[in-house]
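Student: I would like to take a close look at one part of this model, namely its salt bridges, and I would welcome a connected explanation.

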Amino acid sequence: MNSEGREKVKDNDLFFTCGLIDYMARKTKNTRSYVVNKLGKKRLEKIYELADVYHCDNLDRVSDDFIEESQIQNGIFDNVGDCCFSIPSHWDIGKVYKRLIKQVSEKERISVIDALIEVYNSFISPKIDDYNSSVYYENPSYIYECYKENKML
């Protein structure tokens with residue numbers, strides 16, 4: 001079956017993958033692109049393919065395992081600590097990335113993981129992760145258009 005509940009299972013798996021990336025980035029005080037690049041394509045594919053299993057486990061344990069396996073070092077990027085307003089959860093940000101990655105994958109006809117790597121390494125990722133701005137609250141279509149034009153519109 002392709003769908004359970006309100007959205008497709010693979011969309012939910014992408015949501016979990018993006019939420020986990022954000023969780024690990026916050027935990028290690030790193031940019032999201034650093035975490036994505038340290039995880040690498042094979043681990044990202046594994047997380048995405050086994051998301052339904054990983055989401056049943058303790059998020060701290062899952063993140064710790066991938067942090068250790070990928071040798072992700074602690075950094076100094078602290079967008080949560082720098083935020084002057086209400087802080088979105090890692091799931092809130094995961095949803096923003098999920099929507100953008102899905103659009104990029106569909107419109108560019110590339111795999112979800114290739115789109116994920118492109119999005120997190122694009123100019124839009126630091127914009128989304130600046131919680132003192134409003135980019136993460138913007139309409140998903142607007143975020144996609146900005147991504148596509150490689151600048152804020």
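Student: With which residue does Lys10 form a salt bridge, and how far apart are the closest N and O atoms?

Tutor: In this predicted model, Lys10 forms its salt bridge with Glu49, and the closest N and O atoms of the pair are 3.9 Å apart. Because Lys10 belongs to helix 1 (residues 9-28) while Glu49 belongs to helix 2 (residues 32-49), the pair ties together parts that are 39 residues apart in sequence. As for solvent accessibility, Lys10 counts as partly exposed at 29% relative accessibility, and Glu49 is likewise partly exposed, with a relative accessible area of 49%.

This pair is one of 14 salt bridges that the structure holds, and another of them also involves helix 1. The side chains of Lys102 and Asp11 meet in a salt bridge with an N to O distance of 2.7 Å. Here Lys102 lies in helix 5 (residues 90-108) and Asp11 in helix 1, so this pair ties together parts that are 91 residues apart in sequence. The two partners fall into separate accessibility classes: Lys102 counts as partly exposed at 28% relative accessibility, whereas Asp11, with a relative accessible area of 11%, is buried, because the limit for that class is under 20%.

A further salt bridge lies within a single helix. The side chains of Glu145 and Lys148 meet at 3.3 Å, N to O, and the two residues, 3 apart in helix 8 (residues 140-149), are separated by about one helical turn. Both ends are partly exposed, Glu145 with a relative accessible area of 31% and Lys148 at 46% relative accessibility. Salt bridges can also share partners, and in this way Asp22, Arg26, Arg32 and Asp129 are joined into one network.

Arg32, a member of that network, leads on to Ser125, since Arg32 is among the residues in contact with Ser125 once the neighbours of Ser125 within four places in sequence are left aside. The other residues in contact with Ser125 on that basis are Tyr97, Val119 and Tyr120. Ser125 has its place in helix 7 (residues 124-128) and is buried, with a relative accessible area of 2%. With Tyr97 there is, in addition, a polar contact from side chain to side chain, at 2.7 Å.

Conventions: Residues are numbered from 1 along each chain as its sequence is written. This is a predicted model: local features need pLDDT of at least 70, side-chain atom pairs count only at pLDDT 80 or more; totals for chains, interfaces and linings use all residues. Side-chain values use heavy atoms; hydrogens and water are left out. A salt bridge is a side-chain nitrogen of Lys or Arg within 4 Å of a carboxyl oxygen of Asp or Glu. Helices (H or I, at least four residues) and strands (E, at least two) are DSSP runs, numbered from the N terminus. Buried means under 20% relative accessible area, exposed over 50%, partly exposed in between (1.4 Å probe, protein chains only). A polar contact is a pair of N or O atoms within 3.5 Å; within protein, one must be able to donate a hydrogen and the other to accept it, and residues adjacent in sequence count only if both atoms are side-chain atoms. Contact means heavy atoms within 4.5 Å.
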